[in-house]
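Trainee: I would like a close look at a single part of this structure. Please start from one side-chain contact and work outward from there.

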Amino acid sequence: MRKSESRFLVALPILLLAPFLLSAQINSKIDGQPDTYTKSEHDTNRTGDDIFNAVKLGVILPQGQFAQAITNPGGTNYDFTNLAKPFKGQDGIGAKTGFDIQYEGFSFLWRIKSDNKPIARIGLQYGFDFGYIPLNWDNVQWANYNMVVGTNPFIFTGFKLGPAIYFNPTKDMGIGIYGLVDGFLSAPGGENATYNNTDASGTNTVAIYDIKDSNNVHFNVNFSAGINIYYKAIIIGVEDSWLHTQYFGQVQETETQTLSNGTVTTPSSTTAFSNVLHINVIKLTLGVRLGYGRKSSRDKYE
């Protein structure tokens, strides 16, 4: 991934979150209505259980298959399956724990009441998500293969929207479940390695392998589902996300062989491959509901 694109993805969440960080939360509630009803332009009494915004930080735990396996592309002299091993990513070995930044909002469409008291809200959940997942190559002892390996991270960012229902056992407390459609830009990153070895005949081979996504940034539609629990200003969440991204990759190998008689050869090759990476991640988040406790002249708090 080019540096300019990496900086763009890192800066994007800050720019998009700015309007929400500068605005306060609208809290309100409606009384004296039927057990279940929709909001209207006359709904002037609302609470923080009806509408809220939050900013959350968390960790990302990669699950299942993380990346695409490669098998010795181009028939090079080096056994490329060793280099490709981390791409298999079974049981999460393809990535390390990452981090997540979220803006999150909820707006009710209907209240469910019991004894004229709201006990649940059904509505829309929406937000912005930025995730950074380092790839994990430490599961292979690369020194055993005379190699030094480095990686670029998997990065994604975008907006989320979907239905949610929040149960309210008491005012200012909610337990919510939701499902979201996520429109994300993602950059799968890349890997690189240097191989240096002298065999029994005295031939020294130095090779540089560069495995990268040739298109770097892709748009994808993904899905997520989760649970939020909040009390007053504090909100925690657990979310399972199903991510995928196109991977139009290429492997560039630049090699220098020096024979024992001093002869130098420089074979090289470039091999392309493509597939779709399917990535399942768990996000654990902790955050603050914005503007909690601020009372508007139009809002009613019980």
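Mentor: The side chains of Asn222 and His244 are joined by a polar contact of 2.9 Å. This is a predicted model, and the distance is computed from its atoms. Asn222 belongs to strand E10, which covers residues 218-231. With a relative accessibility of 2%, Asn222 falls under the 20% limit and therefore counts as buried. Leaving aside residues up to four places away in sequence, Asn222 touches Leu180, Val181, Asp182, Phe184, Trp242, Leu243 and His244.

Two of these neighbours lead to the nonpolar interior. Phe184 and Leu243 both touch Asn222, and both are members of the largest nonpolar core. That core has 12 residues; the others are Ile60, Ala95, Ile133, Phe154, Phe156, Ile211, Tyr247, Leu277, Ile279 and Val281. At least two core residues come from each of E6, strand E11 (234-258) and strand E13 (268-289). The most is given by E13, with three residues. A second core, separate from this one, has 11 residues, among them Phe52, Phe106, Tyr166 and Tyr230.

Strands E10, E11 and E13 also appear on the outside. Together with strand E7 (173-187), they are the elements that give two or more residues to a nonpolar surface patch. The patch measures about 760 Å² and is made by Phe167, Ile175, Ile177, Ile227, Ile229, Ile234, Ile236, Leu286 and Val288. Val288 is placed in strand E13. Its relative accessible area is 43%, so Val288 is partly exposed. E13 thus takes part in both settings: it supplies residues to the largest core and to the nonpolar patch.

Charged pairs are the remaining topic. Over the whole structure, the search finds eight salt bridges. One of them pairs Glu104 with Lys56, with the closest N and O atoms 3.2 Å apart. Glu104 is in strand E3 (residues 98-114) and Lys56 in strand E2 (residues 51-63), so this pair links distant parts of the chain, 48 residues apart. Both Glu104 and Lys56 are buried.

Another salt bridge is formed by the side chains of Asp129 and Lys160, at 3.2 Å from N to O. Because Asp129 lies in strand E4 (residues 117-133) and Lys160 in strand E6 (residues 154-167), the pair ties together parts that are 31 residues apart in sequence. Asp129 has a relative accessible area of 0% and is buried. Lys160, at 5% relative accessibility, also counts as buried.

The side chains of Lys171 and Asp172 meet in a salt bridge as well, at 3.3 Å from N to O. Here the two partners fall on either side of the 20% limit: Lys171 has a relative accessible area of 21% and is partly exposed, whereas Asp172, at 10%, counts as buried. Through shared partners, salt bridges also join Asp129, Lys160, Glu239 and Lys283 into one network.

Key. Residues numbered from 1 in each chain as written. Predicted model: local features only at pLDDT ≥ 70, side-chain atom pairs only at ≥ 80, totals over all residues. Heavy atoms only, no water. Salt bridge = Lys/Arg side-chain N within 4 Å of Asp/Glu carboxyl O. Helix = DSSP H or I, 4+ residues; strand = E, 2+ residues; numbered from the N terminus. Buried < 20%, exposed > 50% of the residue type's maximum accessible area, 1.4 Å probe, protein only. Polar contact = N/O pair within 3.5 Å; in protein donor to acceptor, adjacent residues only side chain to side chain. Contact = heavy atoms within 4.5 Å. Core = buried A, V, L, I, M, F, W, Y, C linked by side-chain atoms within 4.5 Å. Patch = residues over 30% accessible without salt bridge, like charges linked within 9 Å, V, L, I, M, F, W, Y side chains within 5 Å. Areas by Shrake-Rupley, 256 points an atom, 1.4 Å probe, with all protein chains shown as cover.
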